[in-house]
Amino acid sequence: MATTLMRNTAPREHPGRYYGFIAAVAVCAVTAATAVTATAGAPAGGWLNVPFAFWLTAGLALAAELRPTRWGGLWMSPIASIFVVYVLATMVTWGFLPALVVQSGALVVLGIQISSSVWRGVYNVSQMALALCAAWLVWSAVGGGVWESSVPQLLGIFAAGAAWTVTSSSMVALMMRLRVGGTWSEYAWQWLKSEWALRLTQTAIAPILATAAMTSWWLVAASAIPIFSVYRILQTAAEREREADRDPLTGLLNRKGLQQAVEAKATDAAETGTTATVMVLDLDRFADINSALGHDVGDQVLVELADRFAADKPPGKAIARLGGDEFGFVWSELDGMTDPLECAREIRARLDKPIVIDEVSIEVDGSVGIAVFPKDGEDFHTLFRHADIAMDESKKRAASFTRYAPEFDHHSPERLMLLGDLRRALDEPGAPGVNLYYQPQVCLSTDEVIGAEALLRYHHPVRGMVNPSEIIATAEHSSVMRMLTERVVDIALCRLRSWNEAGYNLRMAVNVSVRDLQSPGFTDFLTERIAAYGVDASKLQLEITESALMADPRRVVDNVQRLADLGLGISLDDFGTGFSSMQHLRRLPVTEIKIDKTFVTTLVDCQDNAAIVFSTIDLGRALDVAVVAEGVEDEKVRKQLEGWGCHAAQGWHFAKPMSADDFDRWLAGHRRGR
Ligand code: C2E
Ligand code: MG
Ligand code: MG
């Protein structure tokens with residue numbers, strides 16, 4: 001998509017109103033200017049006899065707009081135009097029409113310089129023409145006339161300048177209201193507040209220029225020097241202001257600068273119904289570079305990275321160093337970004353080559369977090385926080401980049417509320433809310449039910465059934481997880497005992513979380529509970545996921561070993577989806593592998609998945625551990641698994657997870673049917 005300047009586009013919601021407004025302003029401007037010209041008349045003596053001083057003034061006004069000063073501090077208008085000085089001076093010296101010609105000419109030059117669209121250019125010329133009409137009316141009302149450097153005229157020129165400023169700010173405010181909404185008076189007031197000092201300075205210079213113009217053309221030429229000094233001062237002030245948004249070490253934007261860039265892009269994206277992407281990159285082990293090679297080298301690394309990011313086709317329209325070893329990027333669809341992940345890939349690609357400083361080659365690596373407007377947040381703070389959370393998640397997963405997802409956010413208000421409600425539900429012993437469903441596991445060669453997996457179900461009083469993965473992700477980072485697991489173990493063991501008592505020789509598989517496996521008291525708790533319910537430890541199967549093993553592996557491995565020593569079965573859940581399945585198989589006393597449903601469900605249609613499932617079954621055989629397939633949804637898959645020698649399976653083909661009573665009924669039916 002080609003780069004689009006916002007001021008050149010019509011608002012998406014009411015384009016008709018926008019163009020209608022511009023047309024109306026243009027018609028008003030032409031009418032008003034014609035009426036004023038009719039009364040004010042052409043320059044005294046005709047156009048051919050205007051003195052050279054006029055042409056010089058006009059030329060300088062146009063020249064002033066060849067390099068417009070971008071004034072960051074001015075809200076809504078980033079341009080501090082100097083032509084106003086020349087226009088006011090022309091008006092009081094040679095009359096309305098010459099001033100209008102100079103003003104319109106300067107605005108056309110400015111429009112070309114800042115790439116305005118024709119519509120926008122027409123609007124600017126028209127609204128300024130109306131402002132000039134207002135200035136002329138005030139000037140005539142106070143007795144104006146041809147400039148004679150009198151005190152009443154001096155006051156008159158200030159009054160005319162004020163009329164010009166108030167009218168043009170009102171017109172800008174009207175335009176803002178049409179584009180963004182909000183109240184007209186608020187915009188007009190904001191505009192006046194930010195512009196009045198500049199306009200006052202310009203008005204104050206106008207009488208000096210007028211006096212010069214009435215005397216001789218060379219005084220006009222000489223007065224250009226102080227006028228352009230004022231222009232330089234403005235430029236320097238604008239540069240200073242821009243520096244306040246920059247990181248002094250790398251020259252990139254700082255956090256404040258990024259915030260402004262993100263806010264501008266988000267406003268543009270909202271108006272056009274497009275997206276904008278905020279990315280945060282955090283370098284890995286940067287502290288090691290600082291401590292091993294010194295802070296100077298660390299600084300040089302950051303500067304080199306900043307240069308790489310800013311080099312050709314930068315991976316962001318605005319790039320910032322956010323302090324330390326963190327960088328921020330924003331890029332929007334309007335800038336030509338179509339795929340946020342592609343941007344993240346581009347950022348990462350710039351870290352690929354090592355950085356060489358004083359002949360030392362330094363490898364840098366980092367993780368990127370991505371948040372996309374408007375889905376992942378609608379203001380800077382939310383987008384930035386979410387990009388940061390996604391970046392943390394990226395680090396945890398050892399991934400290059402990760403897009404934000406609500407489940408990464410353990411502290412969102414919704415999560416905290418859910419956690420509070422869950423805690424209250426668990427505080428009450430035996431309260432309904434938290435419960436288990438059971439999904440049968442079936443031996444493939446005999447069709448016999450060997451046991452069930454216990455799956456958490458939480459019925460929230462307002463939200464209804466909450467997805468167990470969301471509950472685990474929420475609880476896992478708090479002490480609620482321990483309470484939850486204790487409840488799950490209690491319910492599961494109680495059910496296991498009742499199956500025993502009913503004469504069913506079943507096993508129970510229970511899922512455990514990372515936090516459980518890291519906790520030193522967990523083994524003692526299980527030992528005590530197994531004894532209390534009087535069940536056989538070998539009938540309890542613990543399902544451990546690979547992500548659980550990634551976190552603090554040594555502690556987890558010790559705990560798993562102790563649990564295996566108790567006689568419990570250890571099942572490696574979601575096998576194949578983690579990073580180091582093989583390594584875990586070697587290190588852990590695993591008795592069973594559960595092939596993840598993503599491979600099993602599509603086994604018949606996807607050759608790659610079929611190969612993975614087949615090899616996993618083969619691996620289980622070689623290592624002498626049982627293999628259970630989860631996610632068996634149809635007979636074809638069941639048959640294939642049986643043919644390959646898979647021991648057991650679970651899935652909707654047999655039964656969906658069921659309440660305890662439904663499970664018992666289903667079990668009785670299954671037995672009768674065999
Ligand atoms: P999991 O342990 O891999 O559980 C299997 C998930 O697959 C269950 O989702 C189950 O309902 C679903 N499933 C079973 N058969 C089929 C099928 O044929 N097709 C498809 N598409 N899906 C099937 P559920 O119950 O939503 O549980 C999601 C995850 O939540 C579990 O994955 C487990 O990691 C976690 N979880 C559930 N209960 C507990 C618990 O008590 N404690 C802990 N720590 N985690 C739990
Ligand atoms: Mg499981
Ligand atoms: Mg699983």
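User: How many residues does the largest nonpolar core have?
Analyst: A nonpolar core is a set of buried Ala, Val, Leu, Ile, Met, Phe, Trp, Tyr and Cys residues joined through side-chain atoms within 4.5 Å, where buried means under 20% relative accessible area, exposed means over 50%, and partly exposed lies in between (1.4 Å probe, protein chains only). Among the residues with the most contacts inside the largest core are Leu-422, Trp-499 and Val-613. The number of residues in this core is 79.

User: Which helix gives the largest share of this core?
Analyst: Helices (H or I, at least four residues) and strands (E, at least two) are DSSP runs, numbered from the N terminus. The largest share of the core is nine residues, and these come from residues 480-501, which form helix 16.

User: Which pLDDT must side-chain atom pairs have to count in this model?
Analyst: Residues are numbered from 1 along each chain as its sequence is written, chains are lettered from A and ligands numbered from 1 in the order in which they are written, and side-chain values use heavy atoms, leaving out hydrogens and water. The model is predicted, and while totals for chains, interfaces and linings use all residues, local features need pLDDT of at least 70, and side-chain atom pairs count only at pLDDT 80 or more.

User: How many residues are in the second, separate core?
Analyst: In the largest core, Val-613 touches Ile-595, Phe-599, Val-600, Leu-603, Leu-641 and Trp-644, leaving aside residues up to four places away in sequence, and contact here means heavy atoms within 4.5 Å. The second core is separate from it and includes Val-25, Val-92, Leu-97 and Ala-210, with a residue count of 61.

User: Which residue coordinates both magnesium ions, ligand 2 and ligand 3?
Analyst: Donors are N, O and S atoms within 2.8 Å of the metal (3.2 Å for Na, K and Ca), and water is not among the atoms, so sites may look incomplete. The magnesium ion (ligand 2) has as its donor residues Glu-453, Asn-511, Glu-543 and Asp-573, at 2.0 to 2.2 Å. The protein donors of the magnesium ion (ligand 3) come from Asp-573, Asp-574 and Glu-630, at 2.0 to 2.6 Å. The two ions are 4.0 Å apart, and the residue that coordinates both is Asp-573.

User: How many residues apart in sequence are the parts that Glu-453 and Asp-573 tie together?
Analyst: The donor residues of the magnesium ion (ligand 2) follow the spacing E-x57-N-x31-E-x29-D. Glu-453 lies in strand 11 (residues 449-460) and Asp-573 in strand 15 (residues 569-575), so the separation in sequence between the parts they tie together is 120 residues.

User: Is Glu-630 buried or exposed?
Analyst: Around the magnesium ion (ligand 3), the donor residues are spaced D-D-x55-E. Asp-574 lies in strand 15 and Glu-630 in strand 17 (residues 626-630), so this pair ties together parts that are 56 residues apart in sequence. Asp-574 is partly exposed at 21% relative accessibility, whereas Glu-630, with a relative accessible area of 7%, is buried.

User: What is the area of the nonpolar surface patch that includes Trp-218?
Analyst: Patches are made of residues with over 30% relative accessible area and no salt bridge, with like charges joined within 9 Å and nonpolar side chains (Val, Leu, Ile, Met, Phe, Trp, Tyr) within 5 Å, and accessible areas come from the Shrake-Rupley method with a 1.4 Å probe, where for residues only the protein chains shown count as cover. Trp-218 lies in helix 8 and is exposed, with a relative accessible area of 52%. Together with Phe-52, Trp-55 and Trp-217, Trp-218 makes a patch of about 520 Å².

User: How many salt bridges does the structure hold?
Analyst: A salt bridge is a side-chain nitrogen of Lys or Arg within 4 Å of a carboxyl oxygen of Asp or Glu. One of them joins Arg-403 to Asp-376, with the closest N and O atoms 2.8 Å apart. Arg-403 is partly exposed at 32%, while Asp-376 is buried at 5% relative accessibility. The count for the structure is 30.

User: Which residue is joined to Phe-373 by a cis peptide bond?
Analyst: The omega angle of this bond is about 5 degrees. The partner of Phe-373 is found in the loop between strand 8 (366-373) and helix 13 (380-396), and its name is Pro-374.
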